[in-house]
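Got your viewer open and the selection tool ready? Let's walk through this one stop by stop.

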Amino acid sequence: MARNEDALVIIDVQRDFCPGGALAVNDGDAVVGPINALQERFGAIILTQDWHPADHASFADNHAGAAPFSLVEAAYGPQVLWPVHCVQGAPGADFHPDLRTDRADLILRKGYRRAIDSYSAFFENDRATPTGLAGYLRERGLTRLVFAGLATDYCVRFSAVDAARLGFASCVVMDACRAIDLDGSLAAAREEMRAAGVALTSSGDL
Ligand code: VGL
Ligand code: ZN
C-alpha cells in the first residue's frame, strides 16, 4: 500500500501507442490491466497525455522527404521523427478506453509546443522548458514517484530519470510498461535509469 507521499504517474496510455494506433508499441495495451490494479493502491494519481499540434516538428510528415523513425538535428539536438500521433483532440490522443481515469488528480499534457518534443513529464526535449509537474508535486509533498505506462524507453525513461535528478525517489514498474525498442533503446533506457538511481521494480514487489 502506498504512503501519503507516494504518487503513481501513468505515462501516455493513449490509443496511438496501443495496437492499431499510429505509433503502436508492441503489446502496449497489456499495461492497462496492471496499471488499473496499481491505481487501487495509490492515493495520488497523475496521468500524462502526449498532446501534439498537427504541425508538430516531431512528425516525419512535416519534414519533406523524411522517413518515420529517422533522426533530424533540432535546435536542441537530435530528434527522432515519428509517425503522426497523439494529435490534439484526435481519437488517437484519447486514453486507452479501458484505462481507469476517474481517480486521477491531474492530467498533464505535454508536447504541445510546435517546435519542441517532450518525452519527459518534467522537461521538454530542450531539457530546459519545464512542464510545471515538479512544482505541482513539491507543493503537494509528493516525494516518491512510481512510473508506469508507454513507452518504457522514451517517455517513461525520460520522466523517471528526470524525477531522480530532481531529487524525487523514482521507481519504474517494468511489468506495467512496454517499449518501442528502436536501435537498442530499451537496453540503453534500463542502463540509464539504473545509473540515475531509478529503481526498476515489478507490481508484485511494490
Ligand atoms: C512517446 C515517442 C513520441 C512516448 C511520445 O510516449 O514514449 N514516444 N511521443
Ligand atoms: Zn509524441
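Start with the rings: a search of the whole structure, which is a predicted model, turns up six aromatic pairs. Select Phe-69 and Trp-82 for one of them. Their ring centres sit 5.9 Å apart with the planes at 90 degrees, and as an angle over 60 degrees counts as edge-to-face, so does this pair. Phe-69 comes from the loop between β2 and β3 (71-74), while Trp-82 comes from the loop between β4 and β5, so the pair ties together parts that are 13 residues apart in sequence.

Now colour by accessibility. Trp-82 is buried, at 2% relative accessible area, whereas Phe-69 is partly exposed at 38%. Check the backbone of Phe-69 while you're there: its phi is near 75 degrees, a positive value in a residue that isn't glycine. For context, most residues other than glycine have a negative phi.

Next, widen the selection to Phe-69, Trp-82, Tyr-119, Tyr-154 and Phe-158, which together form one aromatic cluster.

Keep Trp-82 and Tyr-154 on screen and bring up ligand 1, because both are among the residues around it. Others to show include Asp-12, Phe-17, Leu-23, Cys-155 and Ile-180. Which polar atoms should you put distance labels on? Try these three:

- Asp-12: a polar side-chain atom lies 2.6 Å from an oxygen atom of ligand 1.
- Asp-50: an N or O atom in the side chain is 3.1 Å from a nitrogen atom of the ligand.
- Ala-151: here a backbone N or O atom lies 3.0 Å from an oxygen atom of ligand 1.

Stay on Ala-151 for a second. It is joined to Leu-150 by a cis peptide bond, with omega about -10 degrees. In general, most peptide bonds are trans. Ala-151 has its place in the loop between β6 (144-150) and α3 (152-165), and Leu-150 is also one of the residues around ligand 1.

Go back to Asp-50 and select the zinc ion (ligand 2). Which protein atoms are its donors? They are OD of Asp-50, NE2 of His-52 and NE2 of His-85, at 2.0 to 2.2 Å from the ion. Along the sequence, the donor residues follow the spacing D-x1-H-x32-H. Asp-50 lies in strand β2 (residues 45-50) and His-85 in the loop between β4 (77-80) and β5 (106-110), so this pair ties together parts that are 35 residues apart in sequence. Asp-50 counts as buried at 3% relative accessibility, and His-85 counts as buried at 3% too. Both of these residues also turn up around ligand 1.

Is the geometry of the site regular or irregular? Measure the angles among the four donor atoms and you get 88 to 168 degrees, which makes the site irregular. For reference, the ideal angle for four tetrahedral donors is 109.5 degrees.

Now pick Trp-51. Arg-109 lies over the face of its ring, at 3.7 Å from the ring centre. Add Val-87: from C-alpha to C-alpha, Val-87 and Trp-51 are 5.9 Å apart in space, though 36 residues apart in sequence. Val-87 belongs to the loop between β4 and β5 and is buried, with a relative accessible area of 18%.

One last stop: jump to Asp-183, in the loop between β7 (169-178) and α4 (185-196). Asp-183 is exposed, with 81% relative accessible area, and has a positive phi of about 50 degrees despite not being a glycine.

Note on methods:
Residues are numbered from 1 along each chain as its sequence is written. Chains are lettered from A and ligands numbered from 1 in the order in which they are written. This is a predicted model: local features need pLDDT of at least 70, side-chain atom pairs count only at pLDDT 80 or more; totals for chains, interfaces and linings use all residues. Side-chain values use heavy atoms; hydrogens and water are left out. Donors are N, O and S atoms within 2.8 Å of the metal (3.2 Å for Na, K and Ca); water is not among the atoms, so sites may look incomplete. Four donors count as tetrahedral if all angles lie between 85 and 135 degrees; four count as square planar and six as octahedral if opposite donors are over 155 degrees apart and all others between 65 and 115; anything else is irregular. Helices (H or I, at least four residues) and strands (E, at least two) are DSSP runs, numbered from the N terminus. Buried means under 20% relative accessible area, exposed over 50%, partly exposed in between (1.4 Å probe, protein chains only). Rings of Phe, Tyr and Trp (its six-membered ring) pair if their centres lie within 6.5 Å; planes under 30 degrees apart count as stacked, over 60 as edge-to-face and the rest as tilted. A charge sits over a ring if NZ of Lys or CZ of Arg is within 6 Å of the ring centre and within 35 degrees of the ring normal. A residue is near a molecule or strand if one of its heavy atoms lies within 4 Å of it. A polar contact is a pair of N or O atoms within 3.5 Å; within protein, one must be able to donate a hydrogen and the other to accept it, and residues adjacent in sequence count only if both atoms are side-chain atoms.
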